[in-house]
Amino acid sequence: MTTTETSQKETKGLGEESLTPQDTRIMGRISYFLAWFGGCVSIGTFAMGSSIVGTLNLLQTSLAIGIGCFIIGIALMINGEAGYKYGIPFMVQARSAFGFKGTRLPGIVRAVPAIVWYGFQSWVGAGALNAVSATLFGYDNMVMYFILFQFLQIGLSIFGFQGIKWLENIGSGFILLSLVYMFFSVINKYGDEITTNLVNIEGTWGVEFWSATMLFLGIYSTMMLNVSDYSRELKKGTEKGLLTTIYAMSILPCTLFMGLIGLMVSGATGISDPIMVFSSAVDNTPLLVITLLFIAFAQVTTNVLNNVVPPTYILMDMFNMKFKTATIVVGLAAFATFPWELIKEESAAGLQLFVQTYSAFLGPIFAVLVVDYYVIRNRTLNIESLYDENGPYAGINWAAVIASGIGVVFALLFSSVSWYASLIPAGFTYYLLMTQWDACKRFRS
């Protein structure tokens, strides 16, 4: 595979995605902003809000979400520069640090949580459709709606970034209005309980506060790895400061609304199931139906951007699959995540642990990629070598593997702030090995 395979067309057709350097950019700044906005309505954020009830008050939770989103914006801009500059996806970018075979490590680490969230959010979306069906027609069949909903998403996913662009852009307005409506509906119905249980409590500004920032950050720590998959679609000419703002401000509204809704309703009622939450907050049947349809629609916009593209590109790289075939495989794999278990009320704490655990692996890999690109490569990549399986990046770069492993150890030792704790140990170890270890000499070329 060489750079001569790069498409030179001015437009890109539906599902015409490849791993080659991309000259065709289909998203302007506004379109890119709306894509991130529409793709970040994560029910996982709702679950994270539910999981910190009794730990932080309303103000502390709002600040924790804001800090998390600001860090996310910076991280996305930093690690997405390679994709933005060269038009390469994450799996190609990772070859300079991990090697051709070594990229299987960051690939698997990125793919697993994406597929888990894919299944989880699909079950939530199907539950919303099932609730609409039960409300309007008295027909209740959760399994059937889950299967139909998943195949609907698979069908939408095969259209690639052209389909994602229009789905996210058109749906963003509906998503914003729905979130605002649900937020104020929750306050109106549970105002007294929210004041008692979430406003008038002391909370904490200690480790638990910073752990909460990482929880909301952890929802997007997967995307911090593969942000080049998206930045390669953004048209050239956007400065770093503006790009950081685009990332942070597109993610903040949805994360803030969903996180606070989860916190407020769970704090007021003890309910963590999002379908039950929104059903109890809305008394008007037409508005309830609209709210439930929003929940279903939001899962689609989040899944096709956040949870389909990354593992699809990873399958394309590891098994030489075509884009459309890989999206189908990813969609079918989501059935095997047992999302009906993840959605249970007692699973909120488990989801919190899941985010903390996989963040322990994602943080070190992020640090290695950043140090490799900015320090070792001085922001200059040899694109021809990145596509030469027998070139300097053949095999495995053990410096990246060892550094990632050391970062994971530190992350697990400080599990409540795992992503933060892993960065310096992993990044510094990688720098030392790449500059001092002769075995890694060819990877420095």
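Here a visitor asks a guide how the labels on this predicted model are justified.

Visitor: What makes the contact of arginine 379 and glutamate 81 a salt bridge?

Guide: A side-chain nitrogen of Lys or Arg has to lie within 4 Å of a carboxyl oxygen of Asp or Glu. For arginine 379 and glutamate 81 the N to O distance is 2.9 Å, so the pair earns the name.

Visitor: Which parts of the chain does that pair tie together?

Guide: Arginine 379 sits in the loop between α17 and α18, whereas glutamate 81 belongs to helix α4 (residues 81-86), so the bridge joins parts that are 298 residues apart in sequence. Glu81 and Arg379 also share a network of salt bridges with Lys240.

Visitor: Why is glutamate 81 called buried, and why is arginine 379 called partly exposed?

Guide: Buried means under 20% relative accessible area, exposed means over 50%, and partly exposed is in between. Glutamate 81 has 7%, so buried is the right word. Arginine 379 has 33%, so partly exposed fits.

Visitor: What is notable about the backbone of arginine 379?

Guide: Arginine 379 has a positive phi of about 65°, although this residue is not a glycine. Its loop runs between α17 (348-376) and α18 (383-386). Asparagine 320 is likewise no glycine, and its phi is positive at about 55°.

Visitor: Where is asparagine 320, and how do you know whether it is buried or exposed?

Guide: Asparagine 320 is in the loop between α14 (285-319) and α15 (323-333). Its relative accessibility is 64%, and the bar for exposed is over 50%, so asparagine 320 counts as exposed.

Visitor: How many salt bridges are there in the whole structure, and what makes aspartate 317 and arginine 95 one of them?

Guide: The search finds four. In the case of aspartate 317 and arginine 95, the closest N and O atoms are 2.6 Å apart, and the limit is within 4 Å, so this pair passes. Aspartate 317 in helix α14 and arginine 95 in helix α6 (residues 95-98) are 222 residues apart, a link between distant parts of the chain. Both residues are buried. Aspartate 372 and arginine 377 form a salt bridge as well, at 3.1 Å from N to O, and these two residues are also buried.

Visitor: How do you know that there is a kink in helix α9, and where is it centred?

Guide: The kink is about 85° and is centred on tyrosine 190. The span of the helix is worth a look too: a straight helix of 40 residues would span 58 Å, but α9 (residues 160-199) spans only 44 Å between its end C-alpha atoms.

Visitor: What makes phenylalanine 410 part of a surface patch?

Guide: A patch residue needs over 30% relative accessible area and no salt bridge, and nonpolar side chains are joined within 5 Å. Phenylalanine 410 has 36%, so the area condition is met. The residue lies in helix α19 (residues 398-413). The nonpolar patch also includes Trp398, Ile402, Ile406 and Trp437, and its members together have about 760 Å² of accessible area.

Visitor: How many disulfides does the search find, and why is cysteine 69 called buried?

Guide: There are zero disulfides in the whole structure, which means that no pair of cysteine sulfur atoms lies within 2.5 Å. Cysteine 69 has a relative accessible area of 2%, under the 20% limit, so buried is the word for it. Cysteine 440 has 2% relative accessibility and therefore counts as buried too.

Definitions and conventions. Residues are numbered from 1 along each chain as its sequence is written. This is a predicted model: local features need pLDDT of at least 70, side-chain atom pairs count only at pLDDT 80 or more; totals for chains, interfaces and linings use all residues. Side-chain values use heavy atoms; hydrogens and water are left out. Patches are made of residues with over 30% relative accessible area and no salt bridge: like charges are joined within 9 Å, nonpolar side chains (Val, Leu, Ile, Met, Phe, Trp, Tyr) within 5 Å. Accessible areas come from the Shrake-Rupley method with a 1.4 Å probe; for residues, only the protein chains shown count as cover. Helices (H or I, at least four residues) and strands (E, at least two) are DSSP runs, numbered from the N terminus. Buried means under 20% relative accessible area, exposed over 50%, partly exposed in between (1.4 Å probe, protein chains only). The expected span of a helix is 1.5 Å times one less than its number of residues. The bend at a residue is the angle between axes fitted to the seven residues ending there and the seven starting there.
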